[in-house]
Amino acid sequence: LIGRLMFDLPEEMGLIAVAVRQTQGKGRGGNVWLSPVGCALCTLHISIPLHSNLGQRIPFIQHLVSLAVVEAVRSLPGYEDIELRLKWPNDIYYSDLMKLGGVLVNSTLIETTFHILIGFGFNVNNSNPTICINDLIARFNREEGTELRPLSADCLIARTVTVLERLIDIFQEKGPNGVLPQYYKYWVH
């Protein structure tokens, strides 16, 4: 749907599709991504000028999206120590133990504009097939004696997109050095 609509919209307008459940989720390398109810799932379309800092380093977009997912949780007051991390190039992890999300990016260059479709999904409120963000929050509450509230998929998608916009702006202004320290802060490696 977004792939058909993205070329008919003005360049400055983004487009997002949010799913409660996917039946044919895709991962990197053609892998299947399981998408049960309780995941945050969406596809986002953005346009990036070819002759911009990010346009000249377009593979960085997958890193920015992964960082945005982690920052969407860890930038909330009280949630800074939830062990959500990044595994290169596009995975969201609990500590260095278990994958709970991922990012898939496809780009098309038309004239001087990259049209980018970003699919991301991460476990928010589903303990299976691995672990979810709300499990991490519950564990943190038990271990630290806190009362952090569970998060919703809708809230985390919105926060991820907002953080991504900020990260893109920083990258466009400062290049990779504007975001790499933040990326390395959460990097599993």
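A residue is called exposed here when its relative accessible area is over 50%, and buried when that area is under 20%. With these cut-offs in hand, a good place to start in this predicted model is helix α3, where Arg-142 and Glu-143 are exposed on one side. On the other side of α3 from these two, the picture changes: Ile-133, Asn-134, Leu-136, Ile-137, Phe-140 and Asn-141 are buried. Viewed down the axis of α3, the buried residues fall within an arc of 155°, so they line one face of the helix. The cover over these buried residues includes two other helices, α2 (60–74) and α4 (153–174), together with the strands β3 (84–87), β4 (91–94), β5 (98–110) and β6 (113–123). Helix α3 itself takes in residues 133–144 and reaches 16 Å from its first C-alpha to its last, close to the 16 Å expected for its 12 residues at 1.5 Å a residue. Just past the end of α3, Gly-145 adopts a positive phi of about 70°.

Ile-133 deserves a closer look. Leaving aside residues up to four places away in sequence, Ile-133 touches Val-73, Leu-84, Leu-100, Phe-122, Asn-123, Val-124, Leu-151 and Leu-156. It also belongs to the largest nonpolar core, which has 51 residues; the members that touch the most others are Ile-61, Leu-64, Leu-100, Ile-118, Phe-120, Phe-122 and Ile-133. Two or more residues of this core come from each of β2 (39–49), α2, β3, β4, β5, β6, α3 and α4. In soluble globular proteins, nonpolar side chains tend to be buried together.

The strands are arranged in an open, antiparallel sheet of 6, in the order β1-β2-β6-β5-β4-β3. Its edges are β1 (15–19) and β3, each of which pairs on one side only. On average, and ignoring direction, neighbouring strands of the sheet are turned by 20° against each other. At the β1 edge, 5 bridges hold β1 and β2 in antiparallel pairing, and Ala-19 has Leu-41 of β2 as its bridge partner.

Toward the β3 edge, two hairpins can be followed in turn. The first is formed by β3 and β4, with 3 residues between them; these antiparallel strands are joined by 4 bridges, and Arg-85 finds its bridge partner in Tyr-93 of β4. Strand β4 then forms a hairpin with β5, again with 3 residues between the strands, and Ser-95 in this turn has a positive phi of about 50°. Here too 4 bridges join the antiparallel strands β4 and β5, with Asp-91 standing opposite Gly-102 in β5. Within β4, Asp-91 and Tyr-93 point one way while Ile-92 and Tyr-94 point the other way, yet all of them are buried.

Two helices lie across parts of the sheet. Helix α2 crosses β2, β3, β4, β5 and β6 and runs at about 170° to β3. Of its 15 residues, 14 are buried, so α2 is largely enclosed by the rest of the structure. Its end C-alpha atoms are 21 Å apart, which agrees with the 21 Å that 15 residues should span at 1.5 Å a residue. Helix α4 lies across β1, β2 and β6, running at about 25° to β2. Both α2 and α4 also return us to the starting point, since they are among the elements that cover the buried residues of α3.

How values were computed: Residues numbered from 1 in each chain as written. Predicted model: local features only at pLDDT ≥ 70, side-chain atom pairs only at ≥ 80, totals over all residues. Heavy atoms only, no water. Expected span 1.5 Å × (residues − 1). Buried < 20%, exposed > 50% of the residue type's maximum accessible area, 1.4 Å probe, protein only. Arc of directions from axis to C-beta. Contact = heavy atoms within 4.5 Å. Core = buried A, V, L, I, M, F, W, Y, C linked by side-chain atoms within 4.5 Å. Pairing = 2+ DSSP bridges. Axes fitted to C-alpha atoms, helices over the stretch in contact; angles between N-to-C directions.
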